[in-house]
Every structure is written in C-alpha cells, then in structure tokens.
Amino acid sequence: MDRNYSRDLLKAIQKADRAGANAVVDAWAAGRSFHQVIPELLAPTLETFGKLWAQGSGGVSLATGYVASKVAEDVLSRLLLESASREAPALPAKGPVLVGNVEDDFHPLGRKMVAAFLRAAGWEVHDLGVDIGPEQFVDKAEETGARVIGASAMMFTTAKNVEKLREEIDRRGLRGRLQLAVGGAVFKLRPELVEAFGGDGTAASAAEAPALFERLWQQSLTFEPVSGEVRP
Amino acid sequence: MTTDSRPPRCIACSIFRREIESLQASGALDLAVDYLPSMLHMAPDRLDARLTTSLTEAEAQGQKVLIAFGDCCGHMEDFRAKPGIDRTEGINCCEIILGREAYRRLRREGAFFLMPEWALAWRQVFMSQLGLLGSNAKTFMQEMHTRLIYLDTGIQPVPWQALNEASEYLGLPVEVLPVSLDPLLASLREAARSASHHDGQ
C-alpha cells in the first residue's frame, strides 16, 4: 500500500517534530523532483494544518504552528539551493508584499510564521520587523511596489494602530490599490475588528495567509494603477 | 451604577499578588483585592469570561472596579469603557511594572521578561502552555529573543535556581533587573481614582 506522505507530514508537525517532518519530506522526494514538493506535498498538508489551526483543534499549539513554519522554511531553503545549481527559478514569482508588526507591537511570532508560509508559496516578502509606524509601512510599499501589506497586532491596544495605517494608505490615495491584510490574536478573537480598524481581510491562521494574500493581490489589480506605475 | 464612597473593588492578575500585598502591608494601598490566576493570560477567551463574571457581580452590587491587568484579553478596553471601571495603564504586566519607555526599549532589544510568579512557573508556561519541548524551545526563543530579564520587585529572594534552569532550557542568558513598586502603585492609585470618577465614555 502506498505511503500517505501528507498524513505522515501532518502528524510530525502536530507533534512539533521538525526533524521527523523533514524526514517525511526526504522520503517523499526520493525518486521524485524536489521541485514538486511544495505543490504536491507541503501546500496541501499546510492547508489541512491551517484548517485545524483555525478551528483550534487537532493538537495545534504555538509550538506546532512554529514548527510548521520552520518546515516550510526548510523546504524552501532546499529548493532554493537546488534551483541555484540548476539555474532555474525555485518557484513562480509573486509579489512583492510586506509584513510587519504595527506600532507598539513587539510580538514577532505570528508575523514570522506568516512570512515563512508566504515565501514557501512563492511570494517575495519584505519583513519590516516589530513596532512599525504607518509611514514606514507605506513608504516601503511605494518603494517596492507592494500591493499587499500584512499588519500584525496581538492585542486590542496595538490593533487600534491599524487604524493609523489605514489612514496613511488613504491619505496617499492608495486605497484599493494597496490592500491591507491584518492578523493576530485579537483579530481571531474579535473578527469584527478587521473591518472596524480598516483591514481589507484576515486569515484565521498563518498557514492560510498565502490564500488571503492571493485574493487581496487580485483585488488590488482591479484598481487603477497609481500615477507613474507600470502595470505588470 | 450608584454613587457611593467605598473605594473601588480591585480585580487583579495574580502576577501582582505579592507586590500588591506588600503595598497593602506598608499602608500605601487601601483596596480590597480579588485575584484571577495569571495563567489565564494564555487563554484570553477564558480571561474574558472570568472578568465578565466578576464585573457583572460588582455591577450588581453597585461597586466601582479597578482592573489590575494589562490588555490581556479581547474585550479589556470595552470593560474599561464602562461606567465605574478603569484599568491600570499598560499593554501588559511588565509595562505596568517598568513604565512605557523602559518596556519599549528593552523589548526592542529582544528582552523576554519574567515576573516573579512566572519565573517560578516557567516549566508550566513554556512546556505545558506553549508546548516548547526539546530543541524547539531553544530554537524558538533564540529566534524571537536575545535574553531573559527577571523583574526583581524585591518582595522575595531572586529564584536563581529556577532562573538558571530556565536559561539553560531556553538557551538564553538571564539578567536580573531590580524594579521599584512605585510605577505599579501609581498606576493602581490612578486607576482607582479614575474608576471612582468614571461615569462612562
């Protein structure tokens, strides 16, 4: 009977067993092109994991979420190495996009996990770090041509600073063209705050961020380009 | 809410228990205090529910309330906005103890703070609650933080054995930072004064 690699990878992640998860990936890759590991094994497994995470079930803890993001990083690192030797792109290019913790927020875990899952999905991610003011976010978006900002905030007090980022995006006339994804514990507990604070969307778990960014990116493309921008 | 001259009832996180008891014993603070377990910080929805229950009881008795907590659950600011209720100023217990500027500076430097109660309960926090077992503990903490800082409020001896064990397990150096209880006292007094005069927003 064929081995169910996705189930085994999920089990290893749920045990927060990074080495075990990488062993499953290695076993899957034996005799296969490593370039298929993301679409055929990692992405579907992370999708299942993301659903369990969003439901708060299936043994998902901070540690398992962290290990899932590290497994995604491990796979991507290997893929980039192999691509460099083949002089071929590792993944289809997406982005650029930004992620950062809003002003006064110093909780990096969720943001780092989102960045890892986005990169594994092919996005060019600029990670700005913690305590990022609205001007810094929008300056960097204009500099890089990013169409999506992922703003992370853990608590209500800091999540309120998303409103300042919304105001800065609107003040520069970028509403719509520059989409605002928001996430963090308080948005999961109180989803109504996404709209209240001016977010364009959220994901129930970091593993579901790639799908959210894809949707917001497509939404952004329906808006007129800003002056001087060359649409891809 | 009815007006009365009673001091507000204080609902506090147990992370402050020894410090508040010390302030009460010294005569600096005259408040009746009920404590909720600090481990509720790890379950914000349960903290929300416990606070809702406590505040409803206090409201039924026409009592004003001082919440000695950080912004540790989703509705903390909604609670605070109610008439006769206010909260200690600060994002979390560490900011309440340290003050905003010191807290921000040290967090920017990558500090992970341990209050005395959590220093003694570090295994429960990191292993049971966060699930950081084996090599994941070091990898995780070293990626997110640069050092542990024990906030020594001077109430109990520095728990060196627990700190050294936590430092070894988490793979981070530990520092001891003596802190004054003055910011906590000032924050409690200000929130008590504000709750007494707060007629809602």
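In which helix of chain B does Gln124(B) lie? Gln124(B) belongs to helix α7, which covers residues 122–129 of chain B. Please keep in mind, as we walk through the structure, that this is a predicted model. With a relative accessible area of 37%, Gln124(B) is partly exposed. Setting aside neighbours up to four places away in sequence, Gln124(B) makes contact with Met39(B) and Gln129(B). To get a feeling for distances, find Asp71(B) as well: Gln124(B) and Asp71(B) are separated by 53 residues in sequence, and their C-alpha atoms lie 22 Å apart in space.

Let us move along chain B to Ser167(B), a residue of helix α9 (residues 160–170). Ser167(B) counts as buried, because its relative accessibility is 15% and the cut-off for buried is under 20%. Apart from residues up to four places away in sequence, Ser167(B) touches Leu148(B), Leu172(B), Pro173(B) and Val174(B).

Next come the cysteines. Over all chains, the structure holds zero disulfides. A disulfide is a covalent bond between the sulfur atoms of two cysteines. Why does Cys72(B) not form one? The cysteine sulfur closest to that of Cys72(B) belongs to Cys93(B), and at 6.5 Å it is too far for a bond. Cys73(B) is in a like position: its closest cysteine sulfur is that of Cys72(B), at 7.1 Å, again too far for a bond. For comparison, the two sulfur atoms of a disulfide must be within 2.5 Å. Both residues are buried, Cys72(B) with a relative accessible area of 13% and Cys73(B) with 4%.

Now turn to the place where the two chains meet. Chain B brings 22 residues to the contact, and chain A brings 23 residues. The size of an interface is often given as the accessible area lost when the parts come together. Here chain A and chain B bury about 2100 Å² between them, and 58% of that area is on carbon and sulfur atoms. There are six salt bridges between the chains. You can look for one between the side chains of Lys70(A) and Glu143(B), where N and O are 2.9 Å apart. In addition, 16 residue pairs are in polar contact across the interface, with both residues at pLDDT 80 or more.

Which helices supply the side of chain B that touches chain A? At least two residues each come from α2 (44–60), α3 (76–80), α5 (100–108) and α8 (135–144) of chain B. The residues on this side of chain B comprise ten charged, seven nonpolar and five polar ones. Asn136(B), in helix α8 of chain B, is a good residue to visit. Asn136(B) is buried, with a relative accessibility of 8%, and beyond residues up to four places away in sequence it touches Ala16(A), Tyr66(A) and Val67(A).

Ala16(A) takes us across to chain A, where this residue follows helix α1(A) and has a positive phi, near 55 degrees. Helix α1 of chain A runs over residues 5–14, and its buried residues are Tyr5(A), Asp8(A), Leu9(A), Leu10(A), Ala12(A) and Ile13(A). What do the buried residues of α1(A) pack against? Their partners are α2 (18–29), α3 (37–55) and α4 (62–86) of chain A. Finally, at the start of α1(A), a side-chain oxygen of Asn4(A) comes to within 3.4 Å of the backbone nitrogen of Ser6(A).

How values were computed: Residues are numbered from 1 along each chain as its sequence is written. Chains are lettered from A and ligands numbered from 1 in the order in which they are written. This is a predicted model: local features need pLDDT of at least 70, side-chain atom pairs count only at pLDDT 80 or more; totals for chains, interfaces and linings use all residues. Side-chain values use heavy atoms; hydrogens and water are left out. Buried means under 20% relative accessible area, exposed over 50%, partly exposed in between (1.4 Å probe, protein chains only). Contact means heavy atoms within 4.5 Å. Buried area is the accessible area (1.4 Å probe) that two parts lose on being put together, summed over both. A salt bridge is a side-chain nitrogen of Lys or Arg within 4 Å of a carboxyl oxygen of Asp or Glu. A polar contact is a pair of N or O atoms within 3.5 Å; within protein, one must be able to donate a hydrogen and the other to accept it, and residues adjacent in sequence count only if both atoms are side-chain atoms. Helices (H or I, at least four residues) and strands (E, at least two) are DSSP runs, numbered from the N terminus. Ala, Val, Leu, Ile, Met, Phe, Trp, Tyr, Cys and Pro count as nonpolar, Asp, Glu, Lys and Arg as charged, and the others, Gly among them, as polar.
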